[in-house]
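Here's a quick briefing to read with the structure open beside you. Take a look at the fold first, then work through the points below.

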Amino acid sequence: MKRNRKKEKKAKKQRQVKGLLFLCLLLFAISVGALLVLNETRKGLIEECENNLLWEVQLTAREVSEDIENKRVVLETVQEMIVRSYGIGPEAIEALGDSKERYKMSHLGIVDTDYVYYDCDGDIIADTRTESIKKAMDGEYVVSRSVDEASGDGVAFFVPCMDGEEVKGVLVAKTSRETLLDRLSIKPQDGTDLVVDVSGNVILMADDFGNYLEGVSWEEFSKNGESWKAKGKFNEEMQLYGCSVASAMNKFGKDIYFAAANVSAYEDFYVVRITSSDVVEKEIRGSMVRIFLMMGFMAVFMLGVIIYAIIVYARNRREVYYTAYVDQLTGIPSKAKHKMDAQELINAGGKQYAYATFDVDNFKYINEMFGYEYGNQVLIHIAKTMEQFIKEGELCARVSSDNFALLLEDNGTKQELTDRINELFRRITEYREAEEVNASSLSFSCGVYRVEGKMDINTIRANANLARTESKKSVVDEIVFYDENLKTRRVEEKELEYEAEEALVNKEFQVYFQPKYDVESEKIIGAEALVRWDHPVRGMLSPGLFVPVFENNGFITEVDLYVLNQVCELIENWIKSGVPPICISVNLSRVHLYEQDLVARLNEVVKQHNVPPEFIEFELTESAFYEETESLLRIMSEIKAAGFRLSMDDFGSGYSSLNLLRRLPVDVLKLDRVFLEECDEDNNETRGKRIVMHVISMAKDLEMEVLAEGVETQDQKEFLQTARCDMIQGYFYARPMPMKEFELLYKGEKGLKATAHESVVEDNV
Ligand code: C2E
Ligand code: CA
Ligand code: CA
C-alpha cells in the first residue's frame, strides 16, 4: 500500500514535470511565433513606408514637373511677344520688366546672338557664353540651377527666342529658390525633399534636409555606395520606371530611406524624398506594442485555457481514478486496482505471496436484519481493520459486496499464514465499545492460495475463490488452503451433476429414515426422511456431498419430490396393511421457494397415494426464512392450507429472528445441534441451557412443538426432558436407517410383524 502510494506520488511528480515542460515548450513556441510575426510585420511596415515614400515622391515630381512646364509655357509666350514686338536688344527691356513682375521672376533678361545679356533691370552683361546659354542658342530649352550673389540660389530657365526656324537670342529667366520651394513646401510630416539633376547636383534642397543626413552632404551620401542597400536594384528601377526607393545607412549607423522620381517635364531633374529610420521605427514600435499586447493577451488567454483544461483533466482523472480504482464505500482499493497492483507485485518477483479472499458468512442477513446502513458500517469496519493490518508491500481490497481480498507476503509455514489471517479476523471481531458496529459475532469463509512464482492474477483468484467456496461448506474451518484435491472435488461434483438424472431413473437414490422420539414416552412418534445416493461406483454418498450440488443446479427439487413419493408409498402401504401411520417429515430445499406450482405438485403426489396430508411434515431450513419473506409466507400458508405440517429446521444455526418466528405458521421448531453443544457442560446453570429453556418456552407460547436434533447423550436427553422439549431426534436413539430397518424398528415397537410389502422393499434395496 505504502509502496503504491510512493509510486503514485512519483507518477504524479513525473506528470507535473511533464506538464511544466509542456508549458515551457508552449511559451517558447508562442515567443518564437511572436518574433516571427513581429519580423514579418516589421518587414511589412518597412515596405509600406517605402511605398508611401515612393508614392509621395512621384506626386512631388509631378508637381515640380507641372511647375517647370508652366514656367516654360509662360516664358514661351514672353519670348514670342519680345521677338514679335520688340526685337532682341535693349528695346525689349521695358517689356520684360512687366513680365518679371507678373510671373514672379527674380531675374528676367535676354541674350542676343552676340551673347550680350540685357536684364530687365537695365544691367547689360557682355559675352555671357555659359553652357546653358550656348545650348539654348542651339535651340534647346534648358533649366539649371543658378547661384549668384545678388539673387542667391534659384533655378534658371533658358528659352530660345525663335523667329521661325531661326534662333534670335535666348530668354533668360530665374525664379528664386523660395518660389520653387513652394512646391516642395507641402512637405511630408517626416522627411524632406530635394531636387537633383542627372549628375546628382542639387538643384533645390529643403532647409531641413541636412538634419536627415546628420551633417553629411547629399553628394557625399549619395556617392557613398557601400552604405546603400541594393543600389543596383535602385539604379535599374530608376532606368526602367523613372522612380525607385532604397535605403542606406548614414555614418552613424542609422537607416535612411529615400525615394527618387524623375521629373517628366525636364528629364535631367529628379525629386528625392528622404526620411530617416526613426519614422519607420516609430511606426514599427507602435505596431510592435500593439502586437505584443495582443500576443500577451493571447498568451494569457491560452495559458488560462490550458490551466483550465489541466484542472478539468486532473479532476476527471481523479474522478475516474476514484470510481475505477477506489472502492466507493470503504475507500480501500477496488477490484480493478487490486488486480493490477497484485499482478505487478507478483510479476516483480523476488518475493513469495499468498492470496487470500474471504467473505462474511450470512452477510445478507445482517443487511436484512439490521438494515443496509449498518451492513455498510460493518464493511467499512472490516476494510479499515484490513488496511491497518497489512504490512508495507502487501495489498488489500474490497472485491465485491462482502468479499475482500489480501495479497500477503508468505515467507513461513501454512500455519503461520493461518495464524496471521486468524489474527486479522480476531481484530475485526474484537469488541470495542466505542465503535458503532459490533462485529464480534461475525464469522468468515476464507480461501487461500499460495502463489507459485509468476502467475496470472485471474488464475490465482480463481484458486483462492475455489478454496473459499470450500470453506463455506465446512462449519469448522474458516480458512481453507487451495490444493489439487479441491479441483478434483470440483470435477467430481460436475460428474455428479451429469449423472443425477440417470441416477433418479435408475432409483439410485435411497430414502433413509431417522426416527423421532417422544421425550416422555421415549417412543417413536415420527421420522425424518433423509436421502442417500447409492452410487454404482463411489458407493453410498451422504447428502452433504450432493445436496449442495443439486441446490446449485436446481435438481434438488426432483430429488425432494422423489423422496416425498417414497415416503408416501410407505405410508400408503402402512395404511393399507393396517399399520398405524405416523407423521414423516420431508426436507424441502429453499430452491423450491421459487417454484410457482410447488404446493400443487406436493398435493398431487400425496393424492396419488391417498395419504392424508397430516402425515406429511415439510422441513424448511432456517436460512430459507431470511429472504423472500413474503413469498415464503405465502407458500407456507398454502402448505398449511393444504393440511400438511410444517417445521422450521436447523433453528439456532444462523441469525434467527424471533420476531419472524411469531409470523410463521410452523407447527414444529427443530432446534439445531449447536444448542446442545452449549448445554454439554456439567454446570446445570450454563447460559446455553438457559437459552434453550427460554426458546422452548417461547415456542410453546407460540403454540409450536419443539424437537431437539442431534441428541447423542443421556445427559442431553435428560436435560431436554427437564426443559420440557417435546421430541428428540438423534444418534442417542437411532441413526438414519434404510426404510426396511426403520419399518422393522417401528413395527417392533408396536408389536407388529413385517408385511409382504417389506419383503418387496427388501428385494428392491
Ligand atoms: P438436516 O435436515 O439437518 O438433517 C439432519 C442431519 O443430522 C442428518 O444428516 C442426520 O444424519 C444428522 N444427524 C441426526 N442425528 C444426529 C446426531 O445425533 N449427531 C450428528 N452428528 N448428526 C446427526 P444427513 O442425513 O447427512 O443430512 C444432511 C443434510 O442434508 C440434512 O440436514 C439436510 O439439510 C440435507 N438433506 C438430507 N436429505 C435431504 C433431502 O431429501 N432433501 C433435501 N432438500 N435436503 C436433504
Ligand atoms: Ca431436516
Ligand atoms: Ca436439521
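**Helix packing and a calcium site**

In helix 16, the residues E558, L561, L564, N565, C568 and E572 meet R601, L602, V605, V606 and Q608 of helix 17. Sorted by class, that contact comes out as six nonpolar, two polar and three charged residues. Keep in mind that this is a predicted model.

**Helix 16 against helix 17**

- Helix 16 covers residues 556–576 and helix 17 covers residues 598–608; their axes sit 9 Å apart, at an angle of about 25 degrees.
- With angles under 35 degrees counted as roughly parallel, helix 16 is therefore roughly parallel to helix 17.
- The crossing of helix 16 past helix 17 is right-handed.

**Helix 16 against helix 23**

- Helix 16 also packs on helix 23 (residues 739–750), here at an angle of about 35 degrees and with the axes 13 Å apart.
- This crossing, between helix 16 and helix 23, is right-handed.
- Helix 16 brings Q566, L570 and W574 to the contact, while helix 23 supplies M739, F742, E743, Y746 and K747.
- Break the contact of helix 16 with helix 23 down by class and you get five nonpolar, one polar and two charged residues.

**The calcium ion (ligand 3)**

- Which residues coordinate the calcium ion (ligand 3)? D649 and D650 do so through OD atoms, and E709 is listed twice through OE, with distances of 2.3 to 2.4 Å.
- Along the chain, the donors of the calcium ion (ligand 3) follow the spacing D-D-x58-E.
- There's a neighbour, too: the calcium ion (ligand 2) is 3.9 Å from the calcium ion (ligand 3), and D649 coordinates both.
- D649 belongs to strand 23 (residues 645–651) and E709 to strand 25 (residues 705–709), so the pair ties together parts that are 60 residues apart in sequence.
- Are these two residues, D649 and E709, buried or exposed? D649 counts as buried because its relative accessibility is 7%, under the 20% cut-off, and E709 is buried as well, with a relative accessible area of 13%.

**The protein as a whole**

- The secondary structure adds up to 24 helices and 27 strands.
- Of the 765 residues in the protein, 48% are buried.
- Take the contacts between residues at least 6 apart in sequence: 61% of them join residues at least 24 apart.

How values were computed:
Residues numbered from 1 in each chain as written. Chains lettered and ligands numbered in written order. Predicted model: local features only at pLDDT ≥ 70, side-chain atom pairs only at ≥ 80, totals over all residues. Heavy atoms only, no water. Donors = N, O, S within 2.8 Å, 3.2 Å for Na, K, Ca; no water. Helix = DSSP H or I, 4+ residues; strand = E, 2+ residues; numbered from the N terminus. Buried < 20%, exposed > 50% of the residue type's maximum accessible area, 1.4 Å probe, protein only. Axes fitted to C-alpha atoms, helices over the stretch in contact; angles between N-to-C directions. Parallel < 35°, antiparallel > 145°, perpendicular 65-115°, else oblique. Left-handed = near helix turned anticlockwise from the far one by under 90°. Contact = heavy atoms within 4.5 Å. Nonpolar A, V, L, I, M, F, W, Y, C, P; charged D, E, K, R; others polar.
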